Amino acid sequence: MNNPLNTIGIDIKQIEEYAVKGNVDAQYMFATCYDKGYGVEQNNELAFFWYERAAEQGDANAQHALGLCYDIGKGVDQSYEKAFYWYKKSASLGNPKAQYNLASCYEEGQGIEQDLKRAFYWYQKAANQGVVSAWCVLGYFYANGIGVEKDIPSAIHWFTLAAEQGHPEAVKNLELLNKK
């Protein structure tokens with residue numbers, strides 16, 4: 001496996017030393033090392049442990065990663081409610097991936113009561129930060145009046161943006177709208 005630590009000249013022992021001392025960036029990096037198996041044997045439980053340390057210190061990327069761990073039960077018992085909690089914390093700090101995942105929670109009613117208007121709001125936040133999948137979802141919401149008033153020109157706008165980036169579902173939906 002390609003280890004990015006080798007290319008940037010960082011020693012895993014240095015990362016561990018700073019992580020143990022409470023450095024939030026080192027904690028997130030150390031968690032990622034365990035998550036991906038960079039410089040250490042891959043270990044979901046230790047990845048979770050270090051993501052949690054960094055997340056508790058307010059690191060938005062760690063909070064998102066912790067949400068993912070809870071979402072799929074990676075290194076911890078699966079819990080949609082805890083996944084929602086961490087996605088919301090990270091999304092509130094501006095993490096676009098967390099904003100997308102939070103929107104999905106609201107859309108599906110996963111870990112929180114379904115709320116399509118809030119789903120639309122958070123997909124819009126993610127879309128405004130360049131999350132291509134959010135562009136496609138916004139197109140779908142506008143095309144079908146989900147969480148927002150039906151607006152075909154807006155649907156075409158968002159599908160077009162996503163299609164230009166090669167998003168296959170957006171291409172398909174754009175073709176369907178143009179046939180009408």
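Which helix gives the most residues to the lining of the largest pocket? Keep that question in mind while you look over the whole chain, and remember throughout that this is a predicted model.

**The whole chain**

Begin with the complete chain in a cartoon view, where the secondary structure comes to 11 helices and zero strands. Followed from the N terminus on, the elements read α-α-α-α-α-α-α-α-α-α-α. If you turn the C-alpha trace along its principal axes, you will find that it spans about 60 × 35 × 25 Å.

**The largest pocket**

Now select helix 3 (24-36) and helix 5 (60-72), which are the elements that give two or more residues to the lining of the largest pocket. Helix 5 is the answer to the opening question, since it gives the most to this lining, with six residues. The pocket itself has a volume of about 260 Å³. To find its centre, show Tyr28, Tyr51, His64, Ala65 and Leu68, which are the closest to that centre among the 14 residues that line the pocket. If you colour the lining by class, you will see six nonpolar, four polar and four charged residues.

**Helix 6 and helix 7**

Move next to residues 80-92, which form helix 6, and residues 96-108, which form helix 7; their axes come within 8 Å and cross at roughly 135°. That angle makes helix 6 oblique to helix 7, and the crossing in which helix 6 passes helix 7 is left-handed. Show the side chains of Phe84, Tyr87, Lys88, Ser90 and Ala91 on helix 6, together with Ala98, Gln99, Asn101, Leu102, Cys105 and Tyr106 on helix 7, and you have the residues that make the contact. By class, these residues divide into seven nonpolar, three polar and one charged.

**Helix 8 and helix 9**

Continue along the chain to helix 8 (residues 116-127) and helix 9 (residues 132-144), whose axes come within 8 Å and cross at roughly 140°. Helix 8 is therefore oblique to helix 9, and the crossing of these two helices is left-handed. On the helix 8 side, select Leu116, Ala119, Phe120, Tyr123, Gln124, Ala126 and Ala127, and on the helix 9 side select Ala134, Trp135, Val137, Leu138, Phe141 and Tyr142, which together make the contact. Coloured by class, the contact of helix 8 with helix 9 shows 12 nonpolar residues, one polar residue and no charged residues.

**Helix 10 and helix 11**

For the last stop, select helix 10 (residues 152-164) and helix 11 (residues 168-179), which pack at an angle of about 145° with their axes 8 Å apart. Here, helix 10 passes helix 11 in a left-handed crossing. The residues to show on helix 10 are Ile152, Ala155, Ile156, Phe159, Thr160, Ala162 and Ala163, and they meet Ala170, Val171, Asn173, Leu174, Leu177 and Asn178 of helix 11 in the contact. Which classes appear in the contact of helix 10 with helix 11? Its residues divide into 10 nonpolar, three polar and no charged.

Notes: Residues are numbered from 1 along each chain as its sequence is written. This is a predicted model: local features need pLDDT of at least 70, side-chain atom pairs count only at pLDDT 80 or more; totals for chains, interfaces and linings use all residues. Side-chain values use heavy atoms; hydrogens and water are left out. Axes are lines fitted to C-alpha atoms, for helices over the stretch in contact, and angles run from 0 to 180 degrees between N-to-C directions. Helices (H or I, at least four residues) and strands (E, at least two) are DSSP runs, numbered from the N terminus. Angles under 35 degrees count as roughly parallel, over 145 as roughly antiparallel, 65 to 115 as roughly perpendicular and the rest as oblique. A crossing is left-handed if the near helix is turned anticlockwise from the far one by less than a right angle, and right-handed if clockwise. Contact means heavy atoms within 4.5 Å. Ala, Val, Leu, Ile, Met, Phe, Trp, Tyr, Cys and Pro count as nonpolar, Asp, Glu, Lys and Arg as charged, and the others, Gly among them, as polar. On a 1 Å grid over the protein atoms alone, a cavity is a set of points where a 1.4 Å probe fits but cannot get out, and a pocket is an open set with protein on both sides within 12 Å along at least five of seven lines; lining residues have an atom within 4 Å of a point. Grid points are joined across faces, edges and corners, and a volume is the space filled by probe spheres set on the points.
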